[in-house]
Amino acid sequence: MKPVKVADGVWWVGAVDWDTRNFHGYSTMRGSTYNAYLIIDDKITLIDTVKAPFFNEMMARVSEVVDPAKIDIVVSNHVEMDHSGALPLLMEKLPRAAVYTSPQGEKGLRLHYKQDWDFHTVKTGDVLNIGRRNLAFVSTPMVHWPDNMLTYCPEEKILFSNDAFGEHLASAERFADEVSLGVVEEEAAKYYANIVMPYGAQTQKALAAAAGLDIGIIAPSHGLIWRRDVPTVVGWYKKWSADQPENKAVVVYDSMWHSTETMALRVGDALERAGVPAKMCNLKTTHVSDIMTAVLFSKFIFVGSPTLNNGIMPTVSQFLTYLAGLAPKNRVGFAFGSYGWGGQSVGIVDKIMREAGVEMLDSVRIQYIPDEAQLQSLSAHVEQGVRPYLGTSQTE
Ligand SMILES: Cc1cc2nc3c(=O)[nH]c(=O)nc-3n(C[C@H](O)[C@H](O)[C@H](O)COP(=O)(O)O)c2cc1C
Ligand SMILES: [Fe+2]
Ligand SMILES: [Fe+2]
């Protein structure tokens, strides 16, 4: 297991998880990596660790650079177990090593591992000298948990950004400039949409704090390391965290006997007529975490469900629960669906989306199988509904 040199004396010693396809509910079709970084200085420092099953892989890489028993300091930027899982195994071998983390990080690590390690808490502005180099800490609460922080090494101009600027992407390459930028952008957007989206305001604060740093390399905790294209990934984060989606749509639906599906296809067609590109997301075939990537770029979120046993379909319920948690801002929604008698589904979808902060167009429900006149009326309703939200260039 070879370590990868990031700068003189700074090594990637993480692990590649080629096999993971489900990361706490997020579909990770390209796998992931857990990135740990080793700095060789007077005090030998490890920044973050890996998921517990990858402990041996990390240690094999560390051992190629230095005897792991010589590690003096472990910096824990984030408590979540994809980065701290290997810490108990590591600390068994390093009983005297110091653990530097945020105050919330210490609390979280104690609650996870019930160990009384030599904790040192740090906050924004604190600087730790490790010899020739310094490590400066910047607290970034809620990007992704309350304990998150960034570690910056001014001598190397490296920002160890943990979950920020990362993506779930297993690869043989370690640097973003070695792979297709389109693939990295897609996976970084998916990561932002599914992990970071609720914390747009906090992300903007973290970006403001990082703006004062001279950054040559961003070394995140998942996926690829940024050396040539730092402004590219920072630009993506600026754009995504501004919550100003494009005039695009996602049409999300499920259907038992195709009536709601027929409505969905007509809704998609109407959106295109209004000049709004629409991505069709059948919940039978599309994973909610992929839908969220499209939601990141889309102002319009239109959701269809037939009525099933006085309610909505479980797949639609699952999507709406996930959507409400990720709470995209500045979105316009629309609920539609077919029904047989009670017809509650459309009202339920509308209510959940309103409560999630989505501005809703008037909903439409159709009894049993829609006829052409009803579909034309649905189409006109959608076209008229979206027009006020489009720039004048797209209206006629
Ligand atoms: C298992 C099942 C349960 C249903 N429960 C209800 C219900 O409680 N209330 C209602 O209005 N319609 C109910 N329906 C009728 C459907 O909503 C109706 O057939 C609708 O047209 C189906 O739309 P779809 O083709 O998009 O699946 C039910 C249908 C099925 C198959
Ligand atoms: Fe995390
Ligand atoms: Fe993570």
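These are my notebook entries on three helix pairs and one ligand site, looked up in a predicted model.

**Entry 1: how to describe a pair**

Before starting, I reminded myself that two packed helices are described by the angle between their axes and by the distance between those axes.

**Entry 2: H10 and H11**

I began with helix H10, residues 314-326, and helix H11, residues 345-355, whose axes lie 10 Å apart and make an angle of about 10 degrees. Angles under 35 degrees count as roughly parallel, and H10 and H11 are therefore roughly parallel to each other. I noted the crossing of H10 and H11 as right-handed. Looking for the residues that meet, I found Val-316, Leu-320 and Leu-323 on the H10 side, and Val-349, Ile-352 and Met-353 on the H11 side. When I sorted the residues of this contact by class, I had 6 nonpolar, no polar and no charged.

**Entry 3: H6 and H7**

I then turned to helix H6, residues 200-211, and helix H7, residues 230-241, which pack at an angle of about 145 degrees with their axes 9 Å apart. The crossing of H6 and H7 is left-handed. From H6 I listed Gly-200, Thr-203, Gln-204 and Leu-207, which meet Val-234, Tyr-237, Lys-238 and Ser-241 in H7. Sorted by class, the contact of H6 with H7 has 3 nonpolar, 4 polar and 1 charged residues.

**Entry 4: H8 and H12**

For the next pair I took helix H8, residues 259-273, and helix H12, residues 372-386, whose axes come within 8 Å and cross at roughly 40 degrees. H8 and H12 are therefore oblique to each other. I recorded the crossing of H8 with H12 as right-handed. On the H8 side the contact is made by Thr-262, Met-263, Arg-266, Val-267, Ala-270, Leu-271 and Arg-273, while on the H12 side I found residues including Glu-372, Leu-375, Gln-376 and Glu-383. The residues of the contact of H8 with H12 divide into 8 nonpolar, 3 polar and 4 charged.

**Entry 5: ligand 1**

How many residues surround ligand 1, and which are the closest? I found that 18 residues surround ligand 1, and that the closest are Ser-255, Met-256, Thr-260, Asn-310 and Ser-338. Looking at single atoms, I saw that an oxygen atom of ligand 1 is 2.5 Å from a polar backbone atom of Met-256. At Thr-260 the partner is in the side chain, where an N or O atom is 2.7 Å from an oxygen atom of ligand 1. I also noted that a nitrogen atom of ligand 1 is 3.2 Å from a polar backbone atom of Gly-340.

Methods
Residues are numbered from 1 along each chain as its sequence is written. Chains are lettered from A and ligands numbered from 1 in the order in which they are written. This is a predicted model: local features need pLDDT of at least 70, side-chain atom pairs count only at pLDDT 80 or more; totals for chains, interfaces and linings use all residues. Side-chain values use heavy atoms; hydrogens and water are left out. Axes are lines fitted to C-alpha atoms, for helices over the stretch in contact, and angles run from 0 to 180 degrees between N-to-C directions. Helices (H or I, at least four residues) and strands (E, at least two) are DSSP runs, numbered from the N terminus. Angles under 35 degrees count as roughly parallel, over 145 as roughly antiparallel, 65 to 115 as roughly perpendicular and the rest as oblique. A crossing is left-handed if the near helix is turned anticlockwise from the far one by less than a right angle, and right-handed if clockwise. Contact means heavy atoms within 4.5 Å. Ala, Val, Leu, Ile, Met, Phe, Trp, Tyr, Cys and Pro count as nonpolar, Asp, Glu, Lys and Arg as charged, and the others, Gly among them, as polar. A residue is near a molecule or strand if one of its heavy atoms lies within 4 Å of it. A polar contact is a pair of N or O atoms within 3.5 Å; within protein, one must be able to donate a hydrogen and the other to accept it, and residues adjacent in sequence count only if both atoms are side-chain atoms.
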